[in-house]
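Student: I would like to take a close look at one part of this structure, going slowly from one strand to the next. Could you walk me through it in one connected answer?

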Amino acid sequence: MILAVDRTPYSAEWLARWRDGLTSALTSLLPAFAQTYGYEPGTNEVRAANDEDLRALRALRGRAAGPALCEALLTFYESISVVTLPDVGNGHFIHPAHDVLHDLAESGAVFLSEARNPHGTVFASNGGGLLYAIDSHGAVHRSDSASWHSDFSKIADDMPHFLEQLRSHVASFAKPNSSPPAPEADLEQAR
């Protein structure tokens with residue numbers, strides 16, 4: 001069992017609380033977005049998994065014997081289909097399971113030099129093209145450039161830590177009384 005940042009188990013319940021916290025931050029950001037940034041926001045959402053997503057998850061689980069998948073990513077997709085945040089910083093996207101499965105079939109795993117098992121699964125990206133991959137032990141790594149052949153650096157010890165970084169980034173971006181972060185602001189690199 002993986003313990004989340006708040007010391008509760010990383011589970012569907014933890015993910016529901018995380019989704020609610022992120023959605024709450026978005027709710028405070030979006031009403032004043034056009035006035036602050038000069039254009040209307042796109043669709044910013046955390047969408048719960050539906051039947052089609054769960055079918056893709058079953059196919060992804062079929063690949064779980066491979067070196068590039070970990071239980072933390074599969075647990076995520078049991079609850080959440082996709083995270084789309086085009087208007088937060090440079091944009092942040094956690095891809096749906098069917099896209100992850102397609103990318104694994106087309107491109108294979110990425111090389112993660114800092115991981116014990118150096119094969120990782122790309123599951124997210126930002127609006128600048130940087131990629132986020134998870135290793136078989138659950139650590140999250142970010143590419144140094146917009147390429148699958150880029151070097152990747154570890155930014156979170158586990159999926160809950162990565163998700164908390166994302167939630168914190170959205171909350172900072174949404175603070176109404178502070179100056180907005182630069183659009184190119186990205187998740188901080190933390191170890």
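Student: To begin with the strands, how many bridges join strand β1 to β2, and in which sense do the two run?

Tutor: Please keep in mind from the start that what you see is a predicted model. Strand β1, which covers residues 45–48, is joined to β2 by 4 bridges, and the two strands run antiparallel. You can locate this pairing by finding Ala48, whose bridge partner in β2 is Ile80.

Strand β2 itself covers residues 80–85, and 5 of its 6 residues are buried, so that the strand is mostly covered. The cut-off behind that word is a relative accessible area under 20%. Besides its pairing with β1, β2 pairs with strand β3, residues 92–94, again in the antiparallel sense, over 3 bridges. Here the residues to look for are Thr84 and, opposite it in β3, Phe93. The strands β2 and β3 form a hairpin with 6 residues between them, and in this hairpin Gly89 takes a positive phi near 60°.

From β3 we can move on to β5, because 3 bridges join these two strands, which run antiparallel. In this pairing, Ile94 has Ala124 in β5 as its bridge partner. Strand β5 spans residues 119–126, and because 7 of its 8 residues are buried, it is largely enclosed by the rest of the structure.

Two further strands pair with β5. One of them is β4, made of residues 110–111, which is joined to β5 by 2 bridges and runs antiparallel to it; in that pairing, Val110 has Gly120 as its bridge partner. The other is β6, residues 131–135, which is joined to β5 by 5 bridges, and these strands also run antiparallel. If you return to Gly120, you will find it standing opposite Asp135 in β6. The strands β5 and β6 form a hairpin with 4 residues between them, and Gly129, which lies in the turn, has a positive phi of about 95°.

With the strands in view, we can turn to the helices. Helix α3, residues 51–62, packs with helix α5, residues 97–107, at an angle of about 35°, and their axes are 8 Å apart. The crossing of α3 with α5 is left-handed. On the α3 side the contact is made by Ala56, Leu57, Ala59 and Leu60, while α5 brings Ala97, His98, Val100, Leu101 and Leu104. Sorted by class, the residues of this contact are 8 nonpolar, 1 polar and no charged.

Another helix pair is formed by α1, residues 12–29, and α4, residues 71–79, which pack at an angle of about 65° with their axes 9 Å apart. The crossing of α1 and α4 is right-handed. Here Ala12, Leu15, Trp18 and Arg19 in α1 meet Thr75, Phe76 and Ser79 in α4, and by class this contact has 4 nonpolar, 2 polar and 1 charged residues.

Finally, it helps to place these parts in the chain as a whole, which has 6 helices and 8 strands. Of its 191 residues, 44% count as buried. The chain exposes about 9100 Å², and 50% of that is supplied by carbon and sulfur atoms. Among contacts between residues at least 6 apart in sequence, 56% join residues at least 24 apart.

Technical notes: Residues are numbered from 1 along each chain as its sequence is written. This is a predicted model: local features need pLDDT of at least 70, side-chain atom pairs count only at pLDDT 80 or more; totals for chains, interfaces and linings use all residues. Side-chain values use heavy atoms; hydrogens and water are left out. Axes are lines fitted to C-alpha atoms, for helices over the stretch in contact, and angles run from 0 to 180 degrees between N-to-C directions. A crossing is left-handed if the near helix is turned anticlockwise from the far one by less than a right angle, and right-handed if clockwise. Contact means heavy atoms within 4.5 Å. Ala, Val, Leu, Ile, Met, Phe, Trp, Tyr, Cys and Pro count as nonpolar, Asp, Glu, Lys and Arg as charged, and the others, Gly among them, as polar. Buried means under 20% relative accessible area, exposed over 50%, partly exposed in between (1.4 Å probe, protein chains only). Accessible areas come from the Shrake-Rupley method with a 1.4 Å probe; for residues, only the protein chains shown count as cover.
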